[in-house]
Amino acid sequence: MIPEIEYASKAEINNFQVGKLKVLLQYLNTNSAFYKRLFSTHKIDISTINSLEDLAAIPTTTKDDLQQYNDDFICVPKNKIVDYVTTSGTLGDPVLFGLTDSDLDRLAYNEAISFACAGVGQDDVIQLMTTIDRRFMAGLAYFLGARKLGAGIIRVGNGIPELQWDSILKFKPTYIIAVPSFLLKLIEYAKQHNIDLNNSGIKGAICIGEPLRAQDFSLNTLSKKIKESWNIELYSTYASTEMNTAFTECEQQKGGHQHPELIITEILDDNNQPVAKGESGELTITTLGVEGMPLLRFKTGDIVKAHYEKCECGRNTMRLGPVIGRKKQMIKYKGTTLYPPAMHNILNDFNEVEAFVIELSHNSIGTDEILIKIAVNTPTESLLQSIKNHFRAKLRVLPKIEFSDKKEIQKLQFPKMSRKPVMVIDNRNQA
């Protein structure tokens, strides 16, 4: 199931992608109202784009463009759209994406080769612990991908540890797809009900939504907690609705592999210039083979590092390291640049912390303020002091931290219509 192009030389991959890019540019120039206008306004002759480096001549596309001109990105008549999805709206209003029959086939193929990358085969059974409804692309992608691969799938949905374990014990899945922090809830339930975790038949978990590793690919605090109790392999997968494509780890677990036939990637600085190798920047993507709503040089808002050396698995494809943070959630706090995942990792060090939410705001002089609300079973001054000391040691700065009611935090984490927990509430731009 692994495409041969992933094992080709760097030059072959590059040439392959240039050919795909030329097809895309012609398609956009014919079918996309937004990109036709962009090419005309900026006097871009697409016939002069003959390399991936030439992409720099084309302005980037942003989330604001998608929100403002949503319909102008759609390249097919309405009667060709067979599935409607929306982005999660983490940093703004959700955006509509219309998928054609061909796009659903592509989505299935993407997920099938991503599963195969993580070692899942047609003899495996996967338990899906994410929603497949609410216009959510990921759950649908996992189902279609498993079907394409020939693996079995159990659609349980998110939450409810009791139901998850009932399905695990009854149907014997070999892999699960879940948010990593939910695995801790499964572990807790298993321990309370005398379920033997390491005789459950689960070989691995494909994890979404939260990072598993530090930038050097070592396990982060959350992953260590999972592995201490449950001896399963943990595979990170990173994707978004806009990309229609996933970056999934192979057995080496050193970054999510790019699929060259499905996506072109750039890592850009604040001036939309490529960063030096080894530097972090904003992931910017161009989708290949999408029919309904393809994107050209779309800035995802995620800050990442790319790794270009050949992987020990034999692939020559670029790999994405763990997401450092969302660009719009970057915090300048007392002279230090922070991203919320760094704070998540510190809080995950404390077993006493049952739930937390990070609130960002501006103070009276317009600089960033951080308030972390945490819920613990037994609040004590010594525990609070220990958490504060840990922040000072790891980040060199100390945000405001206060105990809060667990139900209040959960209410903040799961606003109405939310498809995934909200861990960061950014009030800085609300005037």
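## A guided tour, beginning at E282

Begin by selecting E282, a residue that is buried, with a relative accessible area of 6%. The model on your screen is a predicted one. E282 belongs to strand β11 (residues 280–287), and if you add K327, in the loop between β14 (325–326) and β15 (331–333), you will have two residues that lie 45 positions apart in the chain. Their side chains meet in a salt bridge, with a distance of 3.4 Å from N to O, and K327, at 28% relative accessibility, counts as partly exposed. Now extend the selection to D270 and K299, since salt bridges that share partners join D270, E282, K299 and K327 into one network.

From here, move to K254, which sits in the loop between β8 (245–249) and β9 (256–257), and to E312, in the loop between β12 (298–307) and β13 (319–320), 58 residues away. These two form a salt bridge in which the closest N and O atoms are 3.2 Å apart. K254 is partly exposed, with a relative accessible area of 33%, while E312 is exposed at 60%.

For a salt bridge within one helix, select α6 (residues 161–171), where K170 and D166 are 4 residues apart and therefore separated by about one helical turn. The closest N and O atoms of this pair are 3.5 Å apart; K170 is exposed, with a relative accessible area of 53%, and D166, at 38%, is partly exposed. Across the structure, the count comes to 19 salt bridges.

Turn next to the aromatic rings, of which the structure holds 8 pairs. Select F115 and Y142, whose ring centres are 6.3 Å apart and whose planes meet at 35°, so the pair is tilted. F115 lies in helix α4 (residues 101–117) and Y142 in helix α5 (residues 137–149), so that the pair links parts of the chain that are 27 residues apart. Both rings belong to buried residues, F115 at 1% relative accessibility and Y142 at 6%.

Then select F34, Y35, F39, Y69 and F73 together, because these residues form one aromatic cluster. While Y69 is in view, add R37, which lies over the face of Y69, at 5.1 Å from the ring centre. A second arrangement of this kind can be found by selecting K277 and Y308, where K277 lies over the face of the ring, at 5.0 Å from its centre.

The last stop is a sheet of 4 strands, which is open and has mixed pairing, with the strands in the order β19-β18-β17-β20. Its edges are β19 (400–403) and β20 (424–426), each of which has a single partner strand, so one side of each is left without a neighbour in the sheet. On average, neighbouring strands of this sheet are turned by 20° against each other, with direction ignored. Follow β18 (residues 368–376) alongside β19, to which it is joined by 4 bridges, the two strands running parallel, and pick out I372, which stands opposite I401 in β19.

To finish, show the two helices that lie across this sheet. Helix α9 (residues 340–347) lies across β17 (353–362), β18 and β20, and runs at about 150° to β17. Helix α11 (residues 406–413) also lies across β17, β18 and β20, but runs at about 60° to β17.

Terms used: Residues are numbered from 1 along each chain as its sequence is written. This is a predicted model: local features need pLDDT of at least 70, side-chain atom pairs count only at pLDDT 80 or more; totals for chains, interfaces and linings use all residues. Side-chain values use heavy atoms; hydrogens and water are left out. Two strands pair if DSSP finds at least two bridges between them. Axes are lines fitted to C-alpha atoms, for helices over the stretch in contact, and angles run from 0 to 180 degrees between N-to-C directions. Contact means heavy atoms within 4.5 Å. A salt bridge is a side-chain nitrogen of Lys or Arg within 4 Å of a carboxyl oxygen of Asp or Glu. Buried means under 20% relative accessible area, exposed over 50%, partly exposed in between (1.4 Å probe, protein chains only). Rings of Phe, Tyr and Trp (its six-membered ring) pair if their centres lie within 6.5 Å; planes under 30 degrees apart count as stacked, over 60 as edge-to-face and the rest as tilted. A charge sits over a ring if NZ of Lys or CZ of Arg is within 6 Å of the ring centre and within 35 degrees of the ring normal.
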